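Reader: I'd like a close look at one part of this model, please. Pick a single helix and walk me through what sits around it, cut-offs included.

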Amino acid sequence: MVRTPSMMVPLGSVAPSFVLPDPSGRKVSDRDFADAPGLLVVFWCNHCPFVKHVREGFVRFAREYGERGLAIVAINSNDADTVPADAPERMAEEARIHGFPFPYLVDETQRVAKAYQAACTPDFFLFDRERRLVYRGQFDDARPGSDVEVTGADLRIAADAVLEGRIPDQRQRPALGCNIKWKPGEAPSWFGA
């Protein structure tokens, strides 16, 4: 497991557009959520210990905040040839078993991960109504092997601000997780490849 922090993209950045399939082939676009007061894009996968550690807490978060109007999508950009556990059919199984209340999308070309400058799983990007980046950071302080309870505290504070029309605190701690598994020769230069 390679511990990789998020890139901490500049706040105020515009949300890159995407049209991606879920494992069944149904296309989902950022434009599908145009009326939502906020959009959370999380780079996610099945196999990462950091994702597994927060998975149950994040699903609870997604149910609660989805009911409050926050649009949420998870995107798997890992190379499924390198990590078969992250293949689309396994994604469908993961979403079903854990009751994901959000679309779980396949970024097979890895273009969306590159556009967002996603570096790790999980990597959280929260955008306001105008789709300007207002939060990019950790879910909370919990890490695999730590005694810290998974609460989603950091992301909850930011999401509450967005849903209330406020700007979240700009002091944000990077997410930490497994590095995105880039296709051979495809890791972006900013990733340190």
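Author: Let's start with Arg-55, which is buried at a relative accessible area of 15% (buried is under 20%, exposed over 50%, partly exposed in between, with a 1.4 Å probe and protein chains only). Arg-55 lies in helix 1, which covers residues 49–67; helices here are DSSP runs of H or I with at least four residues, strands are runs of E with at least two, and both are numbered from the N terminus.

Before going on, a word on the ground rules: this is a predicted model, so local features need pLDDT of at least 70 and side-chain atom pairs count only at pLDDT 80 or more, while totals for chains, interfaces and linings use all residues. Residues are numbered from 1 along each chain as its sequence is written, and side-chain values use heavy atoms, with hydrogens and water left out.

Back to Arg-55: neighbours within four places in sequence aside, Arg-55 is in contact (heavy atoms within 4.5 Å) with Trp-44, Asn-46, Glu-94, His-98 and Phe-100. Now look from the other side, at Glu-94 in helix 2, residues 88–98. Glu-94 is buried too, with a relative accessible area of 12%. With the same sequence neighbours set aside, Glu-94 is in contact with Asn-46, Arg-55 and Phe-100.

Next, the helix packing. Two packed helices are described by the angle between their axes and the distance between the axes. For helix 1 and helix 4 (residues 153–163), the angle is about 10° and the axes are 12 Å apart; axes are lines fitted to C-alpha atoms, for helices over the stretch in contact, and angles run from 0 to 180 degrees between N-to-C directions. The pair is therefore roughly parallel (under 35 degrees; over 145 is roughly antiparallel, 65 to 115 roughly perpendicular and the rest oblique). Helix 1 brings Phe-58, Phe-61, Glu-64 and Tyr-65 to this contact, and helix 4 brings Leu-155, Arg-156, Ala-159, Asp-160 and Leu-163. By class, that contact has 6 nonpolar, no polar and 3 charged residues (Ala, Val, Leu, Ile, Met, Phe, Trp, Tyr, Cys and Pro count as nonpolar, Asp, Glu, Lys and Arg as charged, the others, Gly among them, as polar).

Helix 4 has its own buried residues: Leu-155, Arg-156, Ala-158, Ala-159, Ala-161 and Val-162. Their cover includes helix 1, strand 4 (39–43), strand 8 and strand 9 (133–137). After helix 4 comes Gly-165, with a positive phi near 75°.

Helix 1 also borders empty space. The count is 1 cavity of 30 Å³ or more, where a cavity is a set of points on a 1 Å grid over the protein atoms alone at which a 1.4 Å probe fits but cannot get out, and lining residues have an atom within 4 Å of a point. The largest cavity holds about 100 Å³; grid points are joined across faces, edges and corners, and a volume is the space filled by probe spheres set on the points. Its lining has 13 residues, with Val-54, Pro-122, Ala-142, Arg-143 and Leu-176 nearest the centre, and helix 1 gives the most, 3 residues. The lining splits into 9 nonpolar, 2 polar and 2 charged.

One of those lining residues deserves a second look: Pro-122 is joined to Thr-121 by a cis peptide bond, omega about -5°. Pro-122 sits in the loop between strand 7 (120–121) and strand 8 (123–127).

Notes. On a 1 Å grid over the protein atoms alone, a cavity is a set of points where a 1.4 Å probe fits but cannot get out, and a pocket is an open set with protein on both sides within 12 Å along at least five of seven lines; lining residues have an atom within 4 Å of a point.
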